[in-house]
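Thanks for coming. I will walk through one structure today, starting from a single residue and working outward.

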Amino acid sequence: MDITYRPYIDPDFEVLIERIHPPRVCIDNDTYRDCTLVKVDSANKHGMLLEIVQVLTDLELVISKSYISSDGGWLMDVFHVTDQQMNKITDESLIQYIQEGICVIRRARPSIGEETRPTLMSIENKALEMTGMDRPGLMSEMSAVLAELGCRVSAAMAWTHKSRAACIIYVEDASNGEPIRDPCRVAQLQAQLENVVEAHHYDNERRSVRFTAPAPGETHTERRLHQLMAADGDYKTCCSCCGSDDDIDDDDVYGQGRHYKAKKKECYGTHVKIEKCKETGYSILTVRSRDRPKLLFDTVCTLTDMQYIVFHAAISSKESIAIQEYYVKHKSGRPLDSDDEKQLVTQRLIAATERRISHVCYRNLYFSPIGKQEKLRIHNSTCLCRD
């Protein structure tokens, strides 16, 4: 029997490296006239890239370009950012928040106001997580049940995709505003909400309703929604778009276990192409889709949750099209090998780019048990759309 010896690495070693080489963040407003450069130089760890992108996207900043390199245990990233009005970042408090937010990712983040506070899962109130079939009035019925049982909705966020819905609702006791701690009451709430979600489902159709206890750390709400929808299997019917435009004519696009030849110009669908770089052993993922806010966060979030490490990446946008190229390996050190694995990654990336796309969008969905907007959706029999 072969015996393999591995070197022992003290678990505190990573913390020591981070203390010796804390992240350095440079905000550069001199190099370009039309954007601000955010440069990050730091010791790398799995998930670090996602946390940096999360800080920038939570502030509603637009990332037009990005160059990422994290080979050899060191991370050097450059982000071209503007505000929503396509202006450079000049507000000193915002610049300070970006620097502190990235530098203290391992600790609690600073707060400079409600409007720029990151969207994080509450660490005090119970969080209701629901996945199931999307239908008109679903959120209204759930809110009504919560109000009837003496609960107040402090915040909520919901997405829909491929006729599936996922939402996270934060609830508290309506009488005193305190978290709900009684396990019997929590069980009653869950049972009543399961009846609501089950009411319009078909036999054996997948659905889930559960209350989660306050977590010791902070979990990003939108990242959790990605996880819920992925666990619900909303990606299984996704495939790469058949169309293309001039830049990728005659390229093979991997999707749904097949290759499609580009046929159509001016295509705004999502294209995913997976290749292998023999010289470096990386898998090269190219994602081409319509550009939109938070696209980089959604893609990096998906790769991170699938345990892939981004070693190098280049992200850019041309008019309304975004092109993302990632050089990745699995956390175990291997590239994407099998066709099944490539198909799964393709479908998950396509779903990640599509979940926020909607003809109707309610941003910052924070409502009382049955608010005016929700009543309006009831009367018009419309489905709740993505945030």
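**From one tyrosine to the whole chain**

Let me begin with Y282, which is buried, with a relative accessible area of 8%. Before I go on, please keep in mind that this is a predicted model.

What does Y282 pair with? Its partner is Y327, and the two rings form an aromatic pair of the edge-to-face kind. The centres are 6.3 Å apart, with 85 degrees between the planes. The angle counts as edge-to-face because it is over 60 degrees. The pair links distant parts of the chain. Y282 sits in the loop between strand 11 (271-276) and strand 12 (283-290), while Y327 belongs to strand 14 (residues 321-330), 45 residues apart.

Is Y327 buried or exposed? Neither, in fact: Y327 is partly exposed, with a relative accessible area of 24%, and that label applies because buried means under 20% and exposed over 50%.

The structure holds two aromatic pairs. Ring pairs join Y282, F311 and Y327 into a cluster. One more ring deserves a mention here: R348 lies over the face of Y235, at 5.6 Å from the ring centre.

Next, strand 14 itself. Seven of its 10 residues are buried, so the strand is mostly covered by the cut-off of under 20%. Which strands pair with strand 14? One of them is strand 12, in the antiparallel sense, over eight bridges. In that neighbourhood R288 stands opposite I323 of strand 14. Strand 13 (residues 308-318) also runs antiparallel to strand 14, joined by 10 bridges. There, H312 has Y327 as its bridge partner in strand 14. Strand 13 and strand 14 form a hairpin with two residues between the strands, and in this hairpin E319 takes a positive phi near 55 degrees.

From strand 14 we can move to the interior. How many residues does the largest nonpolar core have? It has 47, and those with the most contacts inside it are V38, F79, I98, L285 and Y326. Helix 2 (residues 48-58) gives the most to this core, with seven residues. Another core lies apart from it, with 22 residues, including M130, A158, I180 and L189. As general background, nonpolar side chains in soluble globular proteins tend to be buried together.

Take Y326 as an example from the largest core. Leaving aside neighbours within four places in sequence, Y326 is in contact with several residues, among them S283, I284, L285, L296, V310 and H312. So H312 comes up twice: as a contact of Y326 and as the bridge partner of Y327.

A second histidine is worth a look. H80 is found in strand 4 (residues 74-82). H80 is buried, with a relative accessible area of 6%. Not counting residues up to four places away in sequence, H80 touches Y32, C35, T36, L37, V62, I63, S64, K65 and Y67.

Finally, the chain overall. There are nine helices and 14 strands. Of the 387 residues in the protein chain, 49% are buried. Among contacts between residues at least 6 apart in sequence, 67% join residues at least 24 apart. The accessible surface of the chain comes to about 19800 Å², and carbon and sulfur atoms account for 49% of that surface.

To close where I started: Y282 is buried, and its edge-to-face partner is Y327, in strand 14.

Conventions
Residues numbered from 1 in each chain as written. Predicted model: local features only at pLDDT ≥ 70, side-chain atom pairs only at ≥ 80, totals over all residues. Heavy atoms only, no water. Phe/Tyr/Trp six-rings, centres within 6.5 Å; stacked < 30°, edge-to-face > 60°. Helix = DSSP H or I, 4+ residues; strand = E, 2+ residues; numbered from the N terminus. Buried < 20%, exposed > 50% of the residue type's maximum accessible area, 1.4 Å probe, protein only. Lys NZ or Arg CZ within 6 Å of the ring centre and 35° of its normal. Contact = heavy atoms within 4.5 Å. Areas by Shrake-Rupley, 256 points an atom, 1.4 Å probe, with all protein chains shown as cover. Pairing = 2+ DSSP bridges. Core = buried A, V, L, I, M, F, W, Y, C linked by side-chain atoms within 4.5 Å.
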